[in-house]
Amino acid sequence: MSKRPGVHPGAYPLTMAADGVPLSVRVERQAGPLARRMLAELVRQIPLYSHLPQEQLQGEILDILNYNLSVFFRILREGGKPSAGDLTEIRASAARRAEERIPLEAVLTAYHVGALVAWQELCQEARPDERDDLLDLATHVMGYIEAVTSGVAGAYLEERQAIYGEEREARRALAEALLAGGGSDAVAQRSGQPLAPGYLVVALRVATTPDETDEGVEGAVASRRKLRRIEQVLAGGWRDALSLLGASGGTVLIPVRAESAVSEHERLPDLLASLTEAAGAPVTAGASFRPGLSGVAVAGTEAAEVLRLANELGRPPGLYVLDDVLLEFLVSRPSDAGTRLAAVLAGLDRGPELLETLQGYFDADLDRRTAAAALNIHPNTLDYRLKRVGELTGLSTSSARGLQVLGAALVARRLGR
């Protein structure tokens, strides 16, 4: 079809009907009823829209439909695509939908349903001699849909990211307040996050993945991706948990609804397995619980200490509680007695092999043959060295008291006293 003189090069070449009124103009004259039909289709086809308040449907939603139609028909008359100014109100509407937690899929579907209703009206109104014009119109309709849905998606995601960032920071602030032992009520009120009666505290250490140390891979990107996968695990099955996590670990507060955290603690091995799989690296955890909100700070300190001890003692990745490192916990408490306990083994420094032998003996659970094999020495050599340990420390490995003190002294020395 040839274009007539005077028509904008990007505009739809309007074919005049017998009455002199172009197709798009005739349909535009029915914009009010058309907007209401669109609204009815949104409610019929999109379940979530059927649950919106009537005042919102008949007010804000209908208003944006009318606005979209005004831009839509102008594009059909003038050609081109919606300008940035045209999209301002449309983007603002998308941001409000994001704030209302309406899924992006539903929002985008609404625009496609609306465009389909408008297109069907154009097809029904077209006369036989205007069928070719519909082909030209289709190009502009597709351009309109492309520009609008792109703007809607962009504005929606920007708003959701802002909301997520605010919520995330509010939840982190609440976790910090609970672990600090004060001011959590005020922080919870500001954040809109309800407080549980208590929290099970889990301190996590996440090992480095091969990607994070690979010179051919951007380490920071690999770390962020690992953290995102970890956070997705928490969002999936532990949605109400509060976390202070980084790529190398951190602290998670799991809400407890009763006086005991037994049921929550029973789920921790599954959580640890999921986190390990998501991180692609070994995960070690220390867990602790004290009843009530006032117990969170104490539990947090204990969980962190349990995790520290498990790491410094070279325990394998896994879940640990205080009972798993009870002796080490007691020995490592600051005291003059602890310092003196570590000094019990000072006499062994003149023969490093004696200290190694004593540690190997305990590692083998006091089994002579196992210890000798692990140390690659003869059992008789093991016996001689253990006798020397007794001579230099005054504590015999053949007595219960001697074993108790020597074992505790090894722990104190290993933990750096």
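Let's start with a pocket. Leu313, Arg315, Leu327, Glu328, Gln359, Phe362, Asp363, Gly407, Leu410, Val411 and Arg414 line the second largest pocket. This is a predicted model, so keep that in mind throughout. The space in this pocket comes to about 240 Å³.

Where does the lining of the second largest pocket come from? Three helices each supply at least two residues: H13 (326–331), H15 (352–363) and H18 (400–414). Helix H18 gives the most, with 4 residues. By class, the lining splits into 5 nonpolar, 2 polar and 4 charged residues.

Now the sheet. It is open and has 5 strands. The order is S2-S3-S1-S4-S5, and the pairing is mixed. Which strands stand at the edges? Those are S2 and S5, the latter being residues 319–320. Each has a single partner strand, so one side of each is left without a neighbour in the sheet. As a reminder, strands of a sheet pair through backbone hydrogen bonds, either parallel or antiparallel.

Look at S3 next, residues 249–256. Is it buried or exposed? Of its 8 residues, 8 are buried, so the strand is largely enclosed by the rest of the structure. The cut-off behind that word is under 20% relative accessible area.

Take the partners of S3 in turn. Strand S1, residues 198–206, is joined to S3 by 8 bridges, and the two run antiparallel. Two positions let you find the register on screen. Arginine 205 stands opposite glycine 249. Alanine 203 has threonine 251 as its bridge partner in S3.

Then the S2 side. Strand S2 covers residues 242–246, and 5 bridges join it to S3. That pairing is antiparallel too. Here leucine 242 has leucine 253 as its bridge partner. The connection from S2 to S3 is a hairpin through 2 residues.

On to charges. Side chains of opposite charge can pair when their charged atoms come close. How many salt bridges does the structure hold? There are 22. I'll walk through a few.

Begin with glutamate 146 and lysine 81. They form a salt bridge, with the closest N and O atoms 3.3 Å apart. This pair links distant parts of the chain, 65 residues apart. Glutamate 146 is in helix H6, residues 131–180. Lysine 81 is in the loop between helix H3 (54–78) and helix H4 (84–99). Glutamate 146 is partly exposed, at 49% relative accessibility. Lysine 81 is partly exposed as well, at 48%.

The next pair takes us back to the sheet. Arginine 257 forms a salt bridge with aspartate 240, and the closest N and O atoms are 3.4 Å apart. Again, distant parts of the chain are linked, here 17 residues apart. Arginine 257 is in the loop between S3 and helix H10 (262–266). Aspartate 240 is in the loop between helix H9 (219–237) and S2. How accessible are the two ends? Arginine 257 is exposed, with a relative accessible area of 52%. The cut-off for exposed is over 50%, so 52% qualifies. Aspartate 240 is partly exposed, at 42%.

Now a pair within one helix. Glutamate 312 and arginine 308 form a salt bridge, with the closest N and O atoms 2.8 Å apart. Both sit in helix H12, residues 296–312. They are 4 residues apart, so about one helical turn separates them. Glutamate 312 is partly exposed, with a relative accessible area of 36%. Arginine 308 is also partly exposed, at 29%.

There is a network, too. Salt bridges link Glu60, Glu89, Arg96, Arg97 and Glu100.

Last topic: backbone angles. Which residue other than glycine has a positive phi of about 65 degrees? It is arginine 101. Find it in the loop between H4 and helix H5 (104–125). Arginine 101 is partly exposed, at 44% relative accessibility.

Asparagine 376 has a positive phi as well, near 60 degrees, and is not a glycine. Its place is the loop between helix H16 (368–375) and helix H17 (379–393). Asparagine 376 is exposed, with a relative accessible area of 70%.

That's the tour. Thanks, everyone.

Conventions:
Residues numbered from 1 in each chain as written. Predicted model: local features only at pLDDT ≥ 70, side-chain atom pairs only at ≥ 80, totals over all residues. Heavy atoms only, no water. Buried < 20%, exposed > 50% of the residue type's maximum accessible area, 1.4 Å probe, protein only. Pairing = 2+ DSSP bridges. Salt bridge = Lys/Arg side-chain N within 4 Å of Asp/Glu carboxyl O. 1 Å grid on protein atoms, 1.4 Å probe; cavity = no way out; pocket = protein on both sides within 12 Å on 5 of 7 lines; lining within 4 Å. Points joined across faces, edges and corners; volume = space filled by probe spheres on them. Nonpolar A, V, L, I, M, F, W, Y, C, P; charged D, E, K, R; others polar.
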